[in-house]
Amino acid sequence: MKQRGRHRRRRRGRAVRGFLAGTALALTAAATMISASQATVADGPGALKPLTSSASTAALRLTEEAVPPASLDRLAAEMGPSVGVGEALSGAGRSLRDAAGCTRDEREALPVSPTATRAYCWNTDDTEGWEPGAVTTSGDADDDGLWGAHRVIVSGWSRGSGPVADRGLARVALVDADNLGRLPYVWALLAVPVDGGRDYRGLVSQVSGMAWYQDKLLVTADDGDRAALYVYDVNRIHRATVAGEAVGRVPGGWSAHGAPYVLPAVASYRLSGGSGAPRPATVSLDRSTAPDSLVAGEWTLDDGDRGARLWRYAFDTAPGRAGFLAGDSAGRVAATEAYRTKATGVRGVLSYEGGWYVSRGGGAGDGHGTLWRQDADGARGVRCGADDSRACWSPRTESLSYWAQTGDVWTQSGRVLFALPLASIDRSAK
């Protein structure tokens, strides 16, 4: 029986690989029908321009603000003991659909080139009304690629419809990636303590950027104040005790808008610059620098005439500061490197070994997006094949996350979570 089951798994694995290969062929054929005006980019974004003036770098400065420990302790005392990632994953009751279970419309989110080597689709019943955002993994969190005994993917989502009071609420799916043939997941609401830890509100954010480093999860924020990033401690995951759509303390316990778990923020980073200060719209982790760093990119208009700024912050190496950014005694965090790209409408950004990978969404009528590798010498764009077609990338990937242990880049677009080797991106970029 064990031998038969192993053969069945092998056949299914071949079927999935064949499905992905067939999808790539179909998308490549479709790409050849894209008009030259849509698909060909004669002039790429060019070389990155370093930003070195004091005014340019001062605009990128952040200020750290910790949630008072007394507030976190009070909330923990009220809600009950925290659980870890592993314990939360043990309650994962739903699984993503593998590539063979994705619909034709969902597969449109896959890139034409390079080919996705793994693809999964989210269930429609528990993502209806939610917009997908950033992705990060335990490959970011720790250099062995594991968190405890588990390989984990974290997927961000925000509420895009429903009652006005609920719109913008943010949550993450903790995905058990130990067995890439089956990805079970569980939801946790992202929250911010209020009233001295006696209650919490939901974070309002598109979750367009997210990075997991050590025991901290850094999430982009756009909820109307000057908060640029919120920081979450993955060791402080609390159980919601009351099912329902409410958020926070309710009669009989605590509610998390239907999620079984809550993550309360432990700190935030606020914009320190003036009116020209860019808000990080996308972030990712770079483990190829010393120390490890958080890279960020700003949002600009898709068809605007101003390119985006790209920059990085160093992570702190001081004892007790794991997962926080390096700052001065007043909590001010300065960018250690900054550039401007001519690319507009930047969606995701990734930096590794000196190269910056920038994804752009598909414009009106374009369908697919573009992906560029830039450095100080120039830019190379992913191509669909032998021609100059550049509209080869996924239509809308909010983030790019590199799992160094496997060499794969993970991202998501629409209801599709997918991965492909970074080496294949480099080979396709010419």
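Begin by selecting Gly-139, Asp-140, Leu-285, Asp-286, Arg-287, Leu-350, Ser-351, Tyr-352, Tyr-402 and Ala-404, which together line the largest cavity of this structure, bearing in mind that the model you have open is a predicted one. The space that these residues enclose has a volume of about 60 Å³, and the structure holds four cavities of 30 Å³ or more.

Next, colour the selected residues by character, and the lining of the largest cavity will divide into five nonpolar, two polar and three charged residues. If you then display the secondary structure, you can pick out α7 (138–141), β18 (280–286) and β23 (346–352), the elements that give two or more residues to the lining of the largest cavity. Among these, select β23, which gives the most to that lining, with three residues.

Keep Tyr-402 on screen, since this lining residue also leads to the next stop: β27 covers residues 401–403. Selecting the strands β4, β5, β29, β28 and β27, in that order, shows an open sheet of five strands with antiparallel pairing. At its edges stand β4 (97–98) and β27, and because each has a single partner strand, one side of each is left without a neighbour in the sheet.

Now move inward from β27 to β28, which follows it in the sheet order, and select residues 408–413 for β28 together with residues 416–421 for β29; these two strands run antiparallel and are joined by six bridges. To finish, show the side chain of Trp-410 and look across to β29, where Ala-419 stands opposite.

How values were computed:
Residues are numbered from 1 along each chain as its sequence is written. This is a predicted model: local features need pLDDT of at least 70, side-chain atom pairs count only at pLDDT 80 or more; totals for chains, interfaces and linings use all residues. Side-chain values use heavy atoms; hydrogens and water are left out. Two strands pair if DSSP finds at least two bridges between them. Helices (H or I, at least four residues) and strands (E, at least two) are DSSP runs, numbered from the N terminus. On a 1 Å grid over the protein atoms alone, a cavity is a set of points where a 1.4 Å probe fits but cannot get out, and a pocket is an open set with protein on both sides within 12 Å along at least five of seven lines; lining residues have an atom within 4 Å of a point. Grid points are joined across faces, edges and corners, and a volume is the space filled by probe spheres set on the points. Ala, Val, Leu, Ile, Met, Phe, Trp, Tyr, Cys and Pro count as nonpolar, Asp, Glu, Lys and Arg as charged, and the others, Gly among them, as polar.
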